[in-house]
Amino acid sequence: MAKTGTIGDTIFRTILIIFASTILLIVVAMIYMMAVNSMPTIRAFGISFLTGSDWKPASNIFGALPFIFGTVVSSLIALIIAVPISLGIAIFLVEQAPKKLATPISFMVELLAAIPSVVYGLWGIFVLAPFLVNYLGPFLQTYLGWLPLFEGSPKGTGMMLTGGIIMAIMVTPIITAVVRDVLEVVPTTQREAALALGATQWETTKIVLGNAASGIAGAIVLGLGRALGETMAVTMVIGNSPSISASLFDPAHTIASVLAANFPEATDEMYLSALIEMGLVLFLVTFIVNGLAKLLVAKVAKDSGTAKAT
Amino acid sequence: MNESVHNRRKLVSKIMTTVTAACAIFAVSILLIILAYITIRGAASINWEFITSVPKPALDGGGGIGNAILGSAIMTVLASLIGLPIGIGAGVYLAEFGDNWFGSLVRFVSDTLIGVPSIIVGIFIYTLLVLPMGGASGFAGSVALSIIMIPIVARTTEEMIRLVPKSMREGALALGAPQWRVTWNIVMPAALSGIATGAILAIARISGETAPLLFTALNSRFFNYYIDEPMSSLTVQIYNFATGPFPNEQQMAWAASLILVGLILIINILVRILTRKKF
């Protein structure tokens, strides 16, 4: 009787280990398959693939710099907009709003993350882009047109600014959720101590924010990871042009968007290899960024001595 | 003097409260604006023909997204059949046996895999299945979706199983039940509703994915019941319609979005209502 138990245990455990190993296997296979399939361009271009600024698939010239530039700049725009707003929402939800109000607002912000990327793209093309071209763009042009950032006129067919803003909307719920969890882990006694010493609500919040700093950093890094890889919505609004321009009114391209837009047409071996190599780069970067975010968020949970928010 | 400093501090505090509230209102407004656009622009063209027929040539008018709905349904079901057992199994392992280096590794890799852009999964499956099989297929699309699902399901399953009180395990073990019996017959049933919730949310998540399907399942203008052929999906159909030049197809993109977002939101809201009573 006891024997069947141990045999059963062994079988059961082995099956579960196989399932758990599948996750590791997927990641290893991903790296392997992408590395193998990007060998032609890795061999041909080496590191200059990442630093070259010319992208001419027809003449077999592949420089990924315009896409790296577009990815980094659009993600920065997204974070500049999304971080303060997300912090504001999270502070409001945890520190200020009564629970009756916080619960539905929290849920509604979460729903923003449930809307599919392609639907954001559709909305971006037909609502956000015209709004930027007709209202926000001219406004920025009039008052900040002397900055190289807002040179030229905004383009409804796609521009960096639209891509950055749509990304900002999409990463806001993600950053908000993590910051909210992190703030909730900060012990109530810290708030009570600050209030008892005569601190105002905002001064108390600042102390709480200070203690949650590494978790907030983790939330921002997580948002960055999401922004770097955001694909469909960005492909639909950023203009898909591999150029490096200081003006946010000019069309741009990101690594994710060139993959979505040009992968189907890449039948040539070198072209396909170049795109897969960019996929590999994006994969490694987001993998590292997400790992970093997780470590930062886990630190807060550890410091506060609880197991939450991992 | 002291009084004025005090007043200023109070004023700053009030202003900041207003600012944070404004941030919350702003985010909620964006959600409502997007939902309003989808509803208003999409509702007009939803009718029986739209949800049951295939797309007609552009500019002909009429036609629908029946094949896309069917394709999404087939691929989501198939992805769940592959992804749920693996994800749930991995989650059970992490919760019941995963307090060691291997468990930590799987946990860490799962969390980072969740954040990997879904287009990368599309490329991976393209190199793994589409190239060797000589073409895109509904099957390749389903596998891509299942890969997105597995780490999500694994982590929610783990969380749900960890919620089951230790005393239940100890009670069963004390009665002489082997470990696997305890997990299978006591712990998993107790966590069942939580695991199911996580699974349903993961299904909602993959039903909105476009990028992994773009070059694995491609698209099709016909009803297709065979998973070894290119298969249409709601999301890829929305992408193609929205980025195309034809107003009637763009209109269909709005209507298809309404159906898709409607389904996803209903699932999310139902899960929320059902779980609120328990936790």
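Trainee: How does the lining of the second largest pocket divide by class into nonpolar, polar and charged residues?
Mentor: Good place to start, keeping in mind that this is a predicted model. The second largest pocket has 19 lining residues, and those nearest its centre are Leu128(A), Ile165(A), Ile169(A), Phe26(B) and Ile30(B). By class, the lining comes to 18 nonpolar, one polar and no charged residues.

Trainee: Which element gives the most to the lining of the second largest pocket?
Mentor: The space in this pocket is about 420 Å³. At least two lining residues come from each of H4 (65-96), H6 (117-144) and H7 (160-185) of chain A, and likewise from H1 of chain B. With six residues, the element that gives the most is H6(A).

Trainee: H1 of chain B also packs on H9 of chain A; are H9(A) and H1(B) roughly parallel or roughly perpendicular to each other?
Mentor: Two packed helices are described by the angle between their axes and the distance between the axes. Here H9 (residues 201-211) of chain A and H1 (residues 2-43) of chain B have axes 7 Å apart, at an angle of about 65°. Angles of 65 to 115 degrees count as roughly perpendicular. H9(A) and H1(B) are therefore roughly perpendicular.

Trainee: How do the residues of the contact of H9(A) with H1(B) divide into nonpolar, polar and charged?
Mentor: On the side of H9(A), the contact is made by Gln201(A), Trp202(A) and Glu203(A). Facing these from H1(B) are Arg9(B), Val12(B), Ser13(B) and Met16(B). The residues of this contact divide into three nonpolar, two polar and two charged.

Trainee: Turning to the domains of chain B, how many residues does the contact take from domain 1 and from domain 2?
Mentor: The domain assignment gives domain 1 as 2-43 and domain 2 as 50-276. Their C-alpha centres lie 34 Å apart. The contact between them takes seven residues from domain 1 of chain B and, from domain 2 of chain B, seven residues.

Trainee: What about enclosed space: which helix gives the most to the lining of the largest cavity?
Mentor: Rolling a probe the size of a water molecule over the atoms shows where empty space is left. There are four cavities of 30 Å³ or more, and the largest has a volume of about 70 Å³. Its lining takes at least two residues from each of H4 (101-115), H5 (118-133) and H6 (138-162) of chain B. With four residues, the helix that gives the most is H6(B).

Trainee: How many residues in the lining of the largest cavity are nonpolar, polar and charged?
Mentor: Among the lining residues are Leu113(B), Ile114(B), Val116(B), Ile147(B) and Ile148(B). Ser118(B) and Arg205(B) also line this cavity. The division is eight nonpolar, one polar and one charged.

Trainee: And which helix supplies the largest share of the lining of the second largest cavity?
Mentor: About 50 Å³ of space lies in the second largest cavity, whose lining includes Ser72(B), Met75(B), Thr76(B) and Glu209(B). The elements that give two or more residues to this lining are H3 (66-96) and H8 (179-207) of chain B. By class, the lining has four nonpolar, five polar and one charged residues. The largest share, three residues, comes from H3(B).

Notes:
Residues are numbered from 1 along each chain as its sequence is written. Chains are lettered from A and ligands numbered from 1 in the order in which they are written. This is a predicted model: local features need pLDDT of at least 70, side-chain atom pairs count only at pLDDT 80 or more; totals for chains, interfaces and linings use all residues. Side-chain values use heavy atoms; hydrogens and water are left out. Axes are lines fitted to C-alpha atoms, for helices over the stretch in contact, and angles run from 0 to 180 degrees between N-to-C directions. Angles under 35 degrees count as roughly parallel, over 145 as roughly antiparallel, 65 to 115 as roughly perpendicular and the rest as oblique. Contact means heavy atoms within 4.5 Å. Ala, Val, Leu, Ile, Met, Phe, Trp, Tyr, Cys and Pro count as nonpolar, Asp, Glu, Lys and Arg as charged, and the others, Gly among them, as polar. On a 1 Å grid over the protein atoms alone, a cavity is a set of points where a 1.4 Å probe fits but cannot get out, and a pocket is an open set with protein on both sides within 12 Å along at least five of seven lines; lining residues have an atom within 4 Å of a point. Grid points are joined across faces, edges and corners, and a volume is the space filled by probe spheres set on the points. Domain bounds come from an automatic or database domain assignment.
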